[in-house]
Amino acid sequence: MKRRGNNAQYNRNLFIILIVAAVIICATVVAAYLLLANDNDKGNQPNVSSASESNMPDSVPDDNPEPPATDDSEDSNSDNSAEIPAVDNSDKEPTDDEQQTDSSDDWMLILANPWNKLPEGFTVELAEIAGGHKVDTRIVDDLNSMMNDLAKEGLSAFVCSSYRTNTKQTTLYNNEVSSYKNLGYSDEEAAIEAAKWVAIPGTSEHQTGLAVDIMSSHYMVLDEGQEDTAEQQWLMENSWKYGFILRYPSDKSEITGIYYEPWHYRYVGKDAAKEIYERGICFEEYLAA
């Protein structure tokens with residue numbers, strides 16, 4: 001009787017062990033399946049983050065706090081012969097107030113957006129800044145002052161994108177169009193969606209030499225997460241003092257034509273920047289006032 005009792009207890013223990021093992025195996029299989037399904041879903045998303053004329057920086061630093069030099073010359077770009085798909089903006093024409101004039105101060109207020117191309121033959125005198133980037137010579141002092149004062153607050157950020165040639169902008173735009181076409185969008189649909197993230201060549205602020213993308217050294221991704229960094233919080237509160245504005249606010253995409261970019265700053269001069277900041281408006285609204 002005792003031996004039979006021991007055998008019965010052994011069989012019960014063995015049965016319990018087998019049940020537990022089966023549960024563990026099933027849980028492992030389910031977890032692996034869910035992980036694989038999640039990876040597949042991510043692979044089907046467009047190659048864009050929540051943002052940008054270009055959501056990829058031209059340069060990022062490695063061990064050196066200064067970003068490495070980048071070559072924005074025409075020859076530094078790959079083949080750009082691909083045709084730029086047309087985007088129909090006929091339903092929104094620029095207002096008279098948004099049209100460019102020839103006043104000597106208007107270089108600060110030049111408008112480049114989906115409905116306002118830069119003038120034919122537009123040129124700008126460039127100066128080099130930290131990291132080999134280039135901007136309009138006339139904004140260097142204010143830009144350097146802003147970045148230096150940010151550093152004095154114990155913060156760390158750097159310019160990751162600045163002036164772009166038309167050739168480079170064409171490359172960025174065509175790459176974005178291709179990403180959408182690879183996802184099954186038609187030529188027209190791809191052109192429209194791409195233009196919400198990367199400006200059509202000739203309409204990009206980066207071609208004016210007055211715009212810079214500034215990245216926090218503590219968050220090396222150009223997406224909406226930049227908004228939460230101490231560096232961007234400081235810039236959003238103080239950039240106007242140096243003549244810069246956050247060009248593409250979160251609640252103005254319908255007016256600017258570009259999605260929210262909490263890293264893209266545009267020089268408009270200190271008077272205009274102060275009014276734009278205090279009124280909580282975007283650049284287009286300021287020009288139309």
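**Exercise 1. Find the residue in strand 4 that stands opposite Phe158, then work out how the sheet is put together.**

Step 1. Phe158 faces Met215 of strand 4 across the pairing. Strands here are DSSP E runs of at least two residues, helices are H or I runs of at least four, and both are numbered from the N terminus.

A quick note before going on: this is a predicted model, where local features need pLDDT of at least 70, side-chain atom pairs count only at pLDDT 80 or more, and totals for chains, interfaces and linings use all residues. Residues are numbered from 1 along each chain as its sequence is written, and side-chain values use heavy atoms, with hydrogens and water left out.

Step 2. Strand 3 and strand 4 run antiparallel and are joined by 4 bridges; strands count as paired if DSSP finds at least two bridges between them.

Step 3. Strand 4 (residues 211-216) also pairs with strand 6, antiparallel again, over 3 bridges. Here Ala211 sits opposite Arg266.

Step 4. Strand 6 is joined to strand 5 by 3 bridges, also antiparallel, with Leu246 opposite Tyr265.

Step 5. Put together, that's an open sheet of 4 strands in the order 3-4-6-5. Strand 3 (157-161) and strand 5 are the edges, each pairing on one side only.

**Exercise 2. Decide whether the faces of strand 6 are covered or open.**

Step 1. In a regular strand, side chains alternate between the two faces of the sheet.

Step 2. Now check each side of strand 6 (residues 264-267): His264 and Arg266 are buried on one, Tyr265 and Tyr267 on the other, so both faces are covered. Buried means under 20% relative accessible area, exposed over 50%, and partly exposed in between (1.4 Å probe, protein chains only).

**Exercise 3. Classify Lys252 and Phe15 as buried or exposed.**

Step 1. Lys252 belongs to the loop between strand 5 (244-246) and helix 6 (253-256). Its relative accessibility is 12%, so Lys252 counts as buried.

Step 2. Look at who touches Lys252: Gly280, Ile281, Cys282 and Glu285, leaving out residues up to four places away in sequence. Contact means heavy atoms within 4.5 Å.

Step 3. Phe15 lies in helix 1 (residues 2-43). Phe15 is exposed because its relative accessible area is 54%.
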